[in-house]
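Biologist: Got a minute to go through this model with me? Let's have it on screen.

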Amino acid sequence: MEDPLVPLVLMSHTAHIRSHRKPRRSNSKLAVRAGVAGGVLSTLAVAGASGSASAADAEPVTQTLELPALTADISAQVAQSAAATQQAAADYQLRAERDAAAAKAARQAEKDLAEAKAKAEAKKKAEAKAEREAAEQAASRSAERTTLTTTATAAASDTVAAPAGGSVGTVIAFLKAQVGDAYVMGGTGPNSWDCSGLVQAAFRQVGVDLPRVSGAQSTAGTPVSLSNLQVGDILYWGSAGSAYHVGVYIGNGQYLDAANPSKGVVIQDLSGYPATGAVRVL
């Protein structure tokens, strides 16, 4: 009887080596671990979902965290832009104010120039008018003097004869022809006089040479009383020999003199300014 065949099973060449695999755990332990793992995974899933949702929701937060630096830069740029705009506006306003001031100054200069021209023209016209009036007055005075001289000459026969070959009428006519002339200290004519200069010039018309000053004229002739005055007598104010003013008596209680700068040569009433004394030279 043949020996039964025994099947041979080929073994791996590493079969004799002890396996490094950990022994399988029991199903119960695996179940527990699976439950724990499931819970962990669920937690992770929830956390992941929450994390995803939070990430989605937190994205603006991430941007918000980056915004301060960006906002600071934008704020700085905005501030710089605003400052530049403000400076430009200030410069524009300053230029506008300068332009307005210059325009105003130009208008004022034109106005001042126009006013100056108008004043100059008015002054020129006034001067021309004054010259014409002065010429007319001079012509009128000259004509009046000629008339008075003619009248005095015609009436000379009715006046007291003058010892020096002249006449009182000539003296009076000359004096009246000077009425309206100016009073000027030291004036001796022909258009301005002081008191003694006028008296001296009047008597020179008839050849009587009187001293130049009032004090000397007050003693140049024969003293007469104020109650016995005649036309042509020289009146004086102050003491004889040191009189400070002189005039000529023209009759009817009046005298003619170069009074003062405000009056000039005038005819006045003796009662208003009584003389101190008188002398007669004609």
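Biologist: Which residues touch the most other members in the largest nonpolar core?
Modeller: Of its 28 residues, those are L175, L198, F203, I234 and L282. A nonpolar core here is a set of buried Ala, Val, Leu, Ile, Met, Phe, Trp, Tyr and Cys residues joined through side-chain atoms within 4.5 Å; buried means under 20% relative accessible area, exposed over 50%, partly exposed in between (1.4 Å probe, protein chains only). Bear in mind that this is a predicted model: local features need pLDDT of at least 70, side-chain atom pairs count only at pLDDT 80 or more, and totals for chains, interfaces and linings use all residues. Residues are numbered from 1 along each chain as its sequence is written, and side-chain values use heavy atoms, leaving out hydrogens and water.

Biologist: Which element gives the largest share of this core?
Modeller: That's α3, with 6 residues. Helices (H or I, at least four residues) and strands (E, at least two) are DSSP runs, numbered from the N terminus.

Biologist: And helix α2, how many of its residues are buried?
Modeller: 8 of 10, among them F174 and L175.

Biologist: Switching topic, how many salt bridges are there?
Modeller: 2, counting a side-chain nitrogen of Lys or Arg within 4 Å of a carboxyl oxygen of Asp or Glu. D194 pairs with R212 at 3.0 Å, N to O, and R280 with D233 at 2.7 Å.

Biologist: What does the R280 pair tie together?
Modeller: R280 is in strand β8 and D233 in the loop between β3 and β4, so the bridge links parts 47 residues apart in sequence.

Biologist: Is D233 buried or exposed?
Modeller: Buried, at 1% relative accessibility; R280 is buried too, at 18%.
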